[in-house]
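Subject: A structure for you to look at

Hi,

Here is the structure I said I would pass on. Have it open while you read, and my notes follow right after it.

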Amino acid sequence: MHGLIFAILTLLMIIGFIKQNTFAFLRFNAVKATLVISICYGAGLEAAQQLIPGRHFDWSDFAANVAGTCLGWLLFYVVYRL
């Protein structure tokens with residue numbers, strides 16, 4: 001589930017950054033910005049779990065978040081670059 005959710009997040013974020021006209025930096029660096037934001041968001045979510053009793057940072061969940069981010073990036077290129 002982690003991978004699927006982050007794949008969808010990444011795909012939609014790249015598309016959204018490209019289509020927006022407010023921030024030129026995000027439009028022209030959509031992929032780089034999305035990868036950084038998605039991976040940091042995944043790390044932040046895992047780190048925040050330590051604040052909940054009985055939960056901890058799970059490296060396998062973080063790896064699934066990163067894998068999902070890469071899958072979303074790949075899906076973008078397959079759908080929009082071919």
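Let's start with a question you can try on screen: leaving out residues up to four places away in sequence, which residues does T10 touch? The ones to find are T34, S38, T69, G72 and W73. Before you go further, keep in mind that this is a predicted model.

**T10 and its surroundings**

You will find T10 in helix α1. Is T10 buried or exposed? T10 has a relative accessible area of 0%, so it counts as buried. One of its neighbours deserves a second look: the side chains of T10 and S38 are joined by a polar contact of 3.4 Å.

**The whole chain**

Now zoom out. How many helices and strands does the chain have? There are 4 helices and 0 strands, and the order from the N terminus is α-α-α-α. If you follow the C-alpha trace along its principal axes, it spans about 45 × 25 × 15 Å.

The chain has 82 residues, and 33% of them count as buried. About 5400 Å² of the chain is exposed, with carbon and sulfur atoms supplying 74% of that area. You can also ask how far along the sequence the contacts reach: taking those between residues at least 6 apart, 57% join residues at least 24 apart.

**The nonpolar core**

Next, colour the largest nonpolar core, which has 10 residues. They are M13, I14, I15, F17, L26, A30, V31, A33, L35 and F76. Which elements give two or more residues to this core? Those are α1 (residues 2-19) and α3 (residues 30-48).

Two core members make a nice pair to follow. With residues up to four places away left out, A33 touches F17 and L26. On the same terms, L26 touches F17, Q20 and A33. L26 itself is found in helix α2. For a sense of distance, L26 and Q49 are 23 residues apart in sequence, and their C-alpha atoms are 29 Å apart in space.

**The loop between α1 and α2**

L26 touches Q20, which takes us to the loop between α1 and α2, where Q20 sits. Is Q20 buried or exposed? With a relative accessible area of 17%, Q20 is under the 20% cut-off and therefore buried. Apart from neighbours within four places in sequence, Q20 is in contact with L26 and R27.

The side chain of Q20 also has polar atoms close to the backbone, and you can check two distances yourself:

- From a polar atom of the Q20 side chain to the backbone nitrogen of T22 is 2.9 Å.
- From a polar atom of the Q20 side chain to the backbone oxygen of F23 is 2.6 Å.

T22 is in this loop too. Unlike Q20, which is buried, T22 counts as exposed because its relative accessibility is 62%. Try one more distance from here: the C-alpha atoms of T22 and W59 are separated by 36 Å, and the two residues are 37 apart along the chain.

**A patch on the surface**

Last stop: which residues make the nonpolar surface patch of about 540 Å²? That patch is made by L71, L74, L75, V78, V79 and Y80. Pick V78 as your example, which lies in helix α4 (residues 59-80). V78 has a relative accessibility of 43%, so it counts as partly exposed.

If you only have a few minutes, I would start with T10, buried in helix α1, then look at the Q20 side chain and the backbone nitrogen of T22, and finish on V78 in the patch.

Have fun with it!

Terms used: Residues numbered from 1 in each chain as written. Predicted model: local features only at pLDDT ≥ 70, side-chain atom pairs only at ≥ 80, totals over all residues. Heavy atoms only, no water. Core = buried A, V, L, I, M, F, W, Y, C linked by side-chain atoms within 4.5 Å. Buried < 20%, exposed > 50% of the residue type's maximum accessible area, 1.4 Å probe, protein only. Contact = heavy atoms within 4.5 Å. Areas by Shrake-Rupley, 256 points an atom, 1.4 Å probe, with all protein chains shown as cover. Patch = residues over 30% accessible without salt bridge, like charges linked within 9 Å, V, L, I, M, F, W, Y side chains within 5 Å. Salt bridge = Lys/Arg side-chain N within 4 Å of Asp/Glu carboxyl O. Polar contact = N/O pair within 3.5 Å; in protein donor to acceptor, adjacent residues only side chain to side chain.
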